[in-house]
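Here is a short walk through one structure. Keep the sequence and the 3D view side by side, and follow the residues as they come up.

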Amino acid sequence: QMQLVESGGGLVQAGGSLRLSCAASGGTFSRTAMGWFRQTQGTERQFVAGISWSGGSTFYADSVKGRFTISRDNPKNTVYLQLNNLKPEDTAVYFCAAAAIVTAKATEYDFWGQGTQVTVSP
């Protein structure tokens, strides 16, 4: 059973950058699609970015296009999310997740990390 651990969150001022990492273990990472989601206290988890198992296909929520970049390093069993030009509305707990096929629907993901907090101050 795959386990996922996020890291790299923190406090940053608006306009700043962070790089989130998600380390996977206990599964076949190289054949697993990965996604990033985020959640605030008053919302359900919302899709942020997804990447196919090969890394050849990526897609993003409209709210982060042009600012966030998802990538993966299969030999290291790690997926990344580069967050640039951060805005206060990006503040949330960010989760990585694994699925058989990349999708924006949280219910289709089989495994989830514990989340890492990103806080963007004005």
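The count of disulfides comes to 1. This is a predicted model. The partners are Cys22 and Cys96, with sulfur atoms 1.9 Å apart. That pair falls within the 2.5 Å cut-off, so it qualifies as a disulfide.

Where do Cys22 and Cys96 sit along the chain? Cys22 belongs to strand β3, residues 18-25. Cys96 belongs to strand β9, residues 92-99. The two are 74 residues apart, and the pair links distant parts of the chain. Cys22 and Cys96 are both buried. Now look along the S-S bond. The torsion there is about 55°, so the disulfide is right-handed.

Turn next to Arg72. This residue lies in strand β7, which covers residues 68-73. Arg72 is buried, yet it has no salt bridge. Asp73 is the nearest side chain of opposite charge, and it is 8.5 Å away. A salt bridge needs a distance within 4 Å, so Asp73 does not provide one.

What lies around the side chain of Arg72 instead? The backbone oxygen of Phe29 is 2.7 Å from one of its polar atoms. The backbone oxygen of Trp53 is 3.4 Å from a polar atom of the Arg72 side chain. Setting aside neighbours within four places in sequence, Arg72 has many contacts to trace. Among them are Phe29, Ser30, Thr32, Ala33 and Met34. Ile51, Ser52, Trp53 and Gly55 are also in contact with Arg72, as are Thr78 and Val79.

Move on to Thr58, in strand β6, residues 58-60. Is Thr58 buried or partly exposed? Its relative accessible area is 36%, so Thr58 counts as partly exposed. Beyond residues up to four places away in sequence, Thr58 touches Gly50, Ile51 and Ile70. Take Ile70 as one case. Thr58 and Ile70 are 12 residues apart in sequence. In space, their C-alpha atoms are 7.3 Å apart. Ile51 has come up before: Arg72 is in contact with it too.

The last stop is Thr103. It is found in the loop between β9 and β10, the latter being residues 111-112. Thr103 has a relative accessible area of 17%, so it is buried. A polar atom of its side chain lies 3.2 Å from the backbone nitrogen of Lys105. Not counting residues up to four places away, Thr103 touches Phe37, Phe47 and Phe59. Glu108 and Tyr109 complete that list of contacts for Thr103.

Note on methods:
Residues are numbered from 1 along each chain as its sequence is written. This is a predicted model: local features need pLDDT of at least 70, side-chain atom pairs count only at pLDDT 80 or more; totals for chains, interfaces and linings use all residues. Side-chain values use heavy atoms; hydrogens and water are left out. Helices (H or I, at least four residues) and strands (E, at least two) are DSSP runs, numbered from the N terminus. Buried means under 20% relative accessible area, exposed over 50%, partly exposed in between (1.4 Å probe, protein chains only). Contact means heavy atoms within 4.5 Å. Lys and Arg count as positive and Asp and Glu as negative; His and the chain ends are not counted. A polar contact is a pair of N or O atoms within 3.5 Å; within protein, one must be able to donate a hydrogen and the other to accept it, and residues adjacent in sequence count only if both atoms are side-chain atoms.
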